[in-house]
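New to this one? Have a look at the chain below, and then we'll walk through how its pieces fit together.

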Amino acid sequence: MTQTNTKVQGNVSELIKQRRTVRVFKSDPVPTELLTELLNVAVWAPNHGHREPWRFILFQGEGRARIAEAMVQTYSGEDLEKHGAKKREYFMQVPAHLVIVLKEDPRQKVWDEDYAAVCSLIQNFQLAAWEQGLGVVWKTNNYGYQPKFCEAIGVQPGEKIAGVLHVGYPEVIPPARPRTAAEARLTVVEHL
Ligand SMILES: Cc1cc2nc3c(=O)[nH]c(=O)nc-3n(C[C@H](O)[C@H](O)[C@H](O)COP(=O)(O)O)c2cc1C
């Protein structure tokens, strides 16, 4: 029988509005099982052609040293000397690094659709994480665009990093920056 009732329990609107990007985390680790559970919610993102164009690489525990080193090695010379140790330390303080990878496609339409689907997945993940008391920041730093970094963390040629998510229990939750009311950006066409 076809289901027609779209009512869900819980208030999705409130969850969307209350979620904040979190950049400072408690040191508590986040269990891999919990992250996997959240990803299994996130994969219900809409995706055209059921291509499910994503894959994930999780750096946990000592594994964080791998992504930290890859990031530090994108610096060179004076910058490496000046900032290397501090950046490495910062990366090791993030409880979990979750890399969201997308397959590139030579067809612009397919690539756009797939990127949109992956972004939907990331927002699903952020919301599901928030619901479980976890904070996330979606990172798109310059190193993510460097082949050297990609190779070092296991991203293949022909793949793109849609985001590196830092995940952990929030130490600081920043205040919300209010949004412009949609009416200010809305054009309504009601007449011929
Ligand atoms: C595609 C995308 C890329 C982002 N990249 C970064 C980033 O590199 N560093 C960062 O601190 N935050 C990043 N953010 C988080 C935004 O800065 C954050 O969503 C914004 O400040 C609004 O805060 P809120 O999420 O708490 O509403 C990114 C968000 C999106 C959607």
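## A quick tour

Keep in mind that this is a predicted model. Its four-stranded sheet is open, with the strands in the order β2-β3-β5-β4 and antiparallel pairing. The strands at the edges are β2 (54-60) and β4 (135-139); each has a single partner strand, so one side of each has no neighbour in the sheet. From one strand to the next, the twist averages 25°.

**How the strands pair up**

- Start at the β2 edge: β2 and β3 (residues 96-103) run antiparallel and are joined by seven bridges. Here you'll find Trp54 standing opposite Leu102 in β3.
- Moving along, β3 pairs with β5 over eight bridges, again in the antiparallel sense. Leu98 has Leu165 in β5 as its bridge partner.
- At the other edge, five bridges hold the antiparallel pairing of β4 and β5. One spot to look at is Gly135, whose bridge partner in β5 is Gly168.
- How buried is β5? Eight of its ten residues are buried, so to speak of it as mostly covered is fair.

**Helices lying across the sheet**

- Helix α5 (residues 108-131) lies across β2, β3, β4 and β5 (159-168), and runs at about 5° to β5.
- Helix α3 (residues 64-72) lies across β2 and β3, and its direction is at about 105° to β2.
- Which residues of α3 are buried? They are Ile67, Ala68, Ala70 and Met71. Looking down the axis of α3, you'd see these buried residues fall within an arc of 160°, so they line one face of the helix.
- Here's a handy bit of background: an α-helix has 3.6 residues a turn, so residues three or four places apart point the same way.
- What covers the buried residues of α3? The cover includes the strands β2 and β3, along with the helices α4 (77-93) and α6 (147-153).

**What the UniProt record says**

- An unreviewed UniProt entry lists residues 16-169 as "domain: Nitroreductase". In the model, that span is 46% helix and 21% strand, and its end C-alpha atoms lie 18 Å apart.
- The unreviewed entry also has a "binding site" feature, placed at Arg19, Arg20, Thr21, His48, Trp138, Lys139 and Thr140. These residues span 122 residues in sequence and their farthest two C-alpha atoms are 28.1 Å apart, so they do not all gather at one spot.

**Two of the listed positions, up close**

- Where does Arg19 sit? You'll find Arg19 in the loop between α1 (12-18) and β1 (24-25).
- Arg19 has 19 other C-beta atoms within 10 Å, so it counts as partly exposed. Being buried would take 20 or more.
- Setting aside neighbours within four places in sequence, Arg19 is in contact with Gln126, Leu127 and Trp130.
- Is Thr140 buried or exposed? Thr140 has 10 C-beta neighbours inside 10 Å, so it counts as exposed; the cut-off for that is 12 or fewer.
- As for its place in the chain, Thr140 is in the loop between β4 and α6.

Conventions: Residues numbered from 1 in each chain as written. Predicted model: local features only at pLDDT ≥ 70, side-chain atom pairs only at ≥ 80, totals over all residues. UniProt positions renumbered as here; feature names shortened; annotations may be inferred. Helix = DSSP H or I, 4+ residues; strand = E, 2+ residues; numbered from the N terminus. Pairing = 2+ DSSP bridges. Axes fitted to C-alpha atoms, helices over the stretch in contact; angles between N-to-C directions. Contact = placed C-beta atoms within 7 Å. Arc of directions from axis to C-beta.
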